[in-house]
Amino acid sequence: MNHIDRIRCEYQQNLCKATDTSCTPCTQRIPSCIGLPDGFNPIPGRLWSKDYVQCDRNRTIHVLHCKQGYFSPGEKACVTAIKSGSYEKNLCLDPYEKCTPCPERLPSCVGLPDGDNVFAGKIWSQHYVVCYKNRTKTIKQCSSGFFDPQNRKCSSQVGTGKKNKL
């Protein structure tokens, strides 16, 4: 197995066409396991979510989903109860229906580059996240237009490939 076999998002068939605004970027559909240990792992940039990956020798074997609770990066399993010291105040436990889950309110920057990045689950919206050294620095909103996930800037035109910074 060579390095190229492990990078699915470099294959043309896995990339989004510039005109397809409904396409979820490959890195969100097929998270990379490069640099992750074998076994179950949180999806980079999406800690404490219901989704996680199974890795084997730097390859993504499966993208999986917790039926209940969230994937604990420490326990490497789906959990419904959070151990003390795991930011309990930021998590919603299943009995609370009106609580927006932490990953939807406070996106993780783990595995994302420094600077402006797409807000996970809010692609082509006004919202984006500013990351610094794998930490969420702040959540921002475009004054007008949308956050372009390919150019990593606010843009007035969706999916055209133009770089119109607002």
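Okay, let me start with a definition: rings of Phe, Tyr and Trp (its six-membered ring) pair if their centres lie within 6.5 Å, with planes under 30 degrees apart counting as stacked, over 60 as edge-to-face and the rest as tilted. Keep that in mind, we'll come back to it.

Quick housekeeping. This is a predicted model, where local features need pLDDT of at least 70 and side-chain atom pairs count only at pLDDT 80 or more, while totals for chains, interfaces and linings use all residues. Residues are numbered from 1 along each chain as its sequence is written, and side-chain values use heavy atoms, with hydrogens and water left out.

So, aromatics. How many aromatic pairs does a search of the whole structure find? Three. Take phenylalanine 40 and tyrosine 52: the ring centres are 5.7 Å apart and the planes sit at 85°, so this pair is edge-to-face. Phenylalanine 40 belongs to strand β1 and tyrosine 52 to strand β2, so the pair ties together parts that are 12 residues apart in sequence. When I say strand or helix, I mean DSSP runs numbered from the N terminus: E of at least two residues for strands, H or I of at least four for helices.

Are those two rings buried or exposed? Phenylalanine 40 counts as partly exposed at 36% relative accessibility, while tyrosine 52, at 12%, counts as buried. The cut-offs there: buried is under 20% relative accessible area, exposed is over 50%, and partly exposed is in between, using a 1.4 Å probe and protein chains only.

Then there's tyrosine 128 with phenylalanine 147, which is a stacked pair, 4.7 Å centre to centre with 15° between the planes. That one links distant parts of the chain, since tyrosine 128 is in strand β7 and phenylalanine 147 in strand β9 (residues 146-148), 19 residues apart. Tyrosine 128 is buried, with a relative accessible area of 10%, and phenylalanine 147 is buried too, at 1%. Oh, and Phe40, Tyr52 and Phe71 make up one aromatic cluster.

We also have charges over rings, meaning NZ of Lys or CZ of Arg within 6 Å of the ring centre and within 35 degrees of the ring normal. Lysine 50 lies over the face of tyrosine 70, 5.0 Å from the ring centre. Lysine 122 has its charged end over the ring of phenylalanine 119, at 4.5 Å from the centre.

Okay, strands. Two strands pair if DSSP finds at least two bridges between them. β1 and β2 run antiparallel, joined by four bridges, and glycine 39 has cysteine 55 as its bridge partner in β2. β2 also pairs with strand β3 (residues 59-65), again in the antiparallel sense, over six bridges. There, aspartate 56 has arginine 59 as its bridge partner in β3. The hairpin of β2 and β3 has two residues between the strands, and arginine 57 takes a positive phi near 50° in it.

At the start of β2, look at aspartate 51, since that strand covers residues 51-56. What joins the side chains of aspartate 51 and histidine 65? A polar contact of 2.6 Å. For that term, we need a pair of N or O atoms within 3.5 Å; within protein, one must be able to donate a hydrogen and the other to accept it, and residues adjacent in sequence count only if both atoms are side-chain atoms. Leaving aside neighbours within four places in sequence, aspartate 51 is in contact (heavy atoms within 4.5 Å) with Ile43, Arg46, Leu64, His65 and Phe71.

Last topic: disulfides, where a pair of cysteine sulfur atoms lies within 2.5 Å. The structure holds five. One of them joins cysteine 16 to cysteine 23, S to S 2.0 Å, and this link is left-handed, with -70° about the S-S bond. Cysteine 23 counts as buried, at 15% relative accessibility.

Back to β2 for another: cysteine 33 and cysteine 55 have their sulfur atoms 1.9 Å apart, and their link is left-handed, with -70° about the S-S bond. Cysteine 33 lies in the loop between α1 (26-29) and β1 (39-42) and cysteine 55 in strand β2, so the disulfide ties together parts that are 22 residues apart in sequence. Cysteine 33 counts as buried at 0% relative accessibility, and cysteine 55 does at 3%.

And cysteine 109 is joined to cysteine 131, S to S 1.9 Å. The torsion about that S-S bond is about -70°, so the disulfide is left-handed. Cysteine 109 is in the loop between α2 (102-105) and β6 (115-118), cysteine 131 in strand β7 (residues 127-132), and they are 22 residues apart. Both cysteine 109 and cysteine 131 are buried.
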